[in-house]
Amino acid sequence: MPQLLEGKTALILGIANRWSLAYAIAQAYQREGAHILLTYQNERLKKTVEELGASLGAARIIECDVTREEDLARLGESLAGEKLHAVVHAIAFANAEDLSRPFVETSRDGFALAHNVSVYSLVSVARVAAPHMTEGGAIITLTYLGATRVVANYNVMGVAKAALEATVRYLASELGEKNIRVNAISAGPVKTAAARGIKDFSTVLEKVEARAPMRRNVTPAEVGDVAVFLASDLGRGVTGDVLFVDAGYHIMGL
Ligand code: NAP
């Protein structure tokens with residue numbers, strides 16, 4: 001079978017460990033023949049991401065904390081000479097207390113932090129990456145149903161995901177003429193380090209399993225396969241959209 005991403009180079013941001021959705025996406029991209037570049041947030045994650053990167057045959061592993069302008073500038077410099085075809089943004093953060101206490105108690109700093117890491121980073125990463133996407137390509141981010149529906153304890157992250165989805169549309173509108181498509185995958189809940197930060201997350205998994213049309217939760221590999229579709233030529237007519245990979249949970253009313 002032909003590989004869907006043969007000849008394409010993908011920059012993937014957001015691997016923290018083997019449970020990360022970014023890692024599942026990177027595995028799917030490797031399977032489909034992509035040339036992979038990774039970033040990691042800081043020294044704390046370097047060894048893990050280097051080990052996972054070796055298993056993926058990653059060509060380069062670059063340090064990049066998306067809140068640091070100097071890191072973004074270095075990312076841009078290290079992409080010199082690269083032709084990028086896909087960028088995967090799988091980054092989010094909010095203070096633990098903002099994912100457990102009442103939403104109305106969200107602090108100004110906590111609100112700004114969640115938006116800086118989880119939303120503005122898509123704008124800055126797109127700005128750094130787009131000049132290297134000279135043959136067109138795909139920018140893909142990860143969102144969640146909490147952007148448009150109220151999900152207990154998701155709180156400030158739901159507001160950030162709403163802003164992220166709007167950011168996808170504005171970027172898609174501007175970058176479309178360069179044949180750069182920008183989309184979000186709205187993944188169903190998956191037990192990752194970020195998800196463990198949400199109070200009562202295991203209850204969310206149980207509720208989805210009980211109510212989703214497919215009566216189960218999704219796997220990281222299923223998210224990875226849709227990310228392949230979006231980055232591949234099969235997704236060439238899709239931009240500015242949110243694709244749900246959630247076993248159908250989002251369609252359910254009563
Ligand atoms: P994860 O493995 O914890 O990945 C989150 C990543 O964001 C980590 O690599 C984290 O690094 C990184 N990050 C946080 N702050 C950063 C910064 N300042 N600079 C660079 N990287 C930073 O969890 P995940 O669930 O795979 O999350 C990936 C994306 O999927 C997120 O956008 C998340 O909201 C989204 N998503 C997840 C689910 C789910 O149920 N798991 C569902 C829908 C959408 P550190 O570990 O160092 O903080």
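Visitor: How is burial read here, and is Ala187 buried or exposed?

Guide: Relative accessible area, taken with a 1.4 Å probe on protein chains only, sorts residues into buried (under 20%), exposed (over 50%) and partly exposed (in between). Ala187 has a relative accessible area of 5%, so it is buried. This is a predicted model, in which local features need pLDDT of at least 70, side-chain atom pairs count only at pLDDT 80 or more, and totals for chains, interfaces and linings use all residues. Residues are numbered from 1 along each chain as its sequence is written, and side-chain values use heavy atoms, with hydrogens and water left out.

Visitor: In which element does Ala187 lie, and which residues is it in contact with?

Guide: Elements are DSSP runs numbered from the N terminus, helices being H or I of at least four residues and strands E of at least two. Ala187 belongs to strand β6. Contact means heavy atoms within 4.5 Å. With neighbours within four places in sequence set aside, Ala187 is in contact with Leu21, Leu142, Thr143, Tyr144, Val223 and Val245. As for Met157, 30 residues away along the chain, its C-alpha is separated from that of Ala187 by 14 Å.

Visitor: How is enclosed space recognised, and which residues line the largest cavity?

Guide: Rolling a probe the size of a water molecule over the atoms shows where empty space is left. On a 1 Å grid over the protein atoms alone, a cavity is a set of points where a 1.4 Å probe fits but cannot get out; a pocket is an open set with protein on both sides within 12 Å along at least five of seven lines; lining residues have an atom within 4 Å of a point. Points are joined across faces, edges and corners, and a volume is the space filled by probe spheres set on them. The structure has one cavity of 30 Å³ or more, and the volume of the largest cavity is about 50 Å³. Its lining consists of Tyr144, Leu145, Ser186, Ala187, Gly188, Pro189, Val208, Asp246 and Tyr249.

Visitor: How is such a lining described by class, and how many of its residues are nonpolar?

Guide: Ala, Val, Leu, Ile, Met, Phe, Trp, Tyr, Cys and Pro count as nonpolar, Asp, Glu, Lys and Arg as charged, and the others, Gly among them, as polar. The lining of the largest cavity has six nonpolar, two polar and one charged residues.

Visitor: What volume has the largest pocket, and which residues lie closest to its centre?

Guide: The largest pocket has about 1,200 Å³. Its lining counts 45 residues, and Ala90, Ile91, Ala92, Phe93 and Ala194 are the closest to the centre. Elements that supply at least two lining residues each include α1 (21-31), β2 (35-40), α2 (43-56) and α5 (155-175). The largest share, three residues, comes from α6. By class the lining holds 31 nonpolar, eleven polar and three charged residues.

Visitor: What is the volume of the second largest pocket?

Guide: The second largest pocket has a volume of about 320 Å³. Among its 17 lining residues, Val151, Ala152, Val204, Lys207 and Tyr249 are the closest to the centre. Nine of the lining residues are nonpolar, three polar and five charged.

Visitor: How is the geometry of a helix judged, and where is the kink in α2 centred?

Guide: The expected span is 1.5 Å times one less than the number of residues, and the bend at a residue is the angle between axes fitted to the seven residues ending there and the seven starting there. Helix α2, with 14 residues, reaches 20 Å from first C-alpha to last, close to the 20 Å expected. A kink of about 25° in α2 is centred on Val49. Val49 is also one of the buried residues of α2, as are Leu45, Leu52, Gly53 and Leu56. These buried residues pack against α1, β2 and β3 (60-63).

Visitor: What span has helix α8, and which of its residues are buried?

Guide: Helix α8 (220-231) has twelve residues and reaches 17 Å, close to the 16 Å expected. Its buried residues are Val223, Gly224, Val226, Ala227, Val228, Leu230 and Ala231. Their cover includes α1, β4 (86-89), β5, β6 and β7 (242-245).

Visitor: How should a positive phi be read, and what is the phi of Asn179?

Guide: Most residues other than glycine have a negative phi. Asn179 has a positive phi near 60° and is placed in the loop between α5 and β6 (180-187). Its relative accessibility is 47%, so Asn179 counts as partly exposed. Asp200, also not a glycine, has a positive phi of about 60°, and is found in the loop between α6 and α7.
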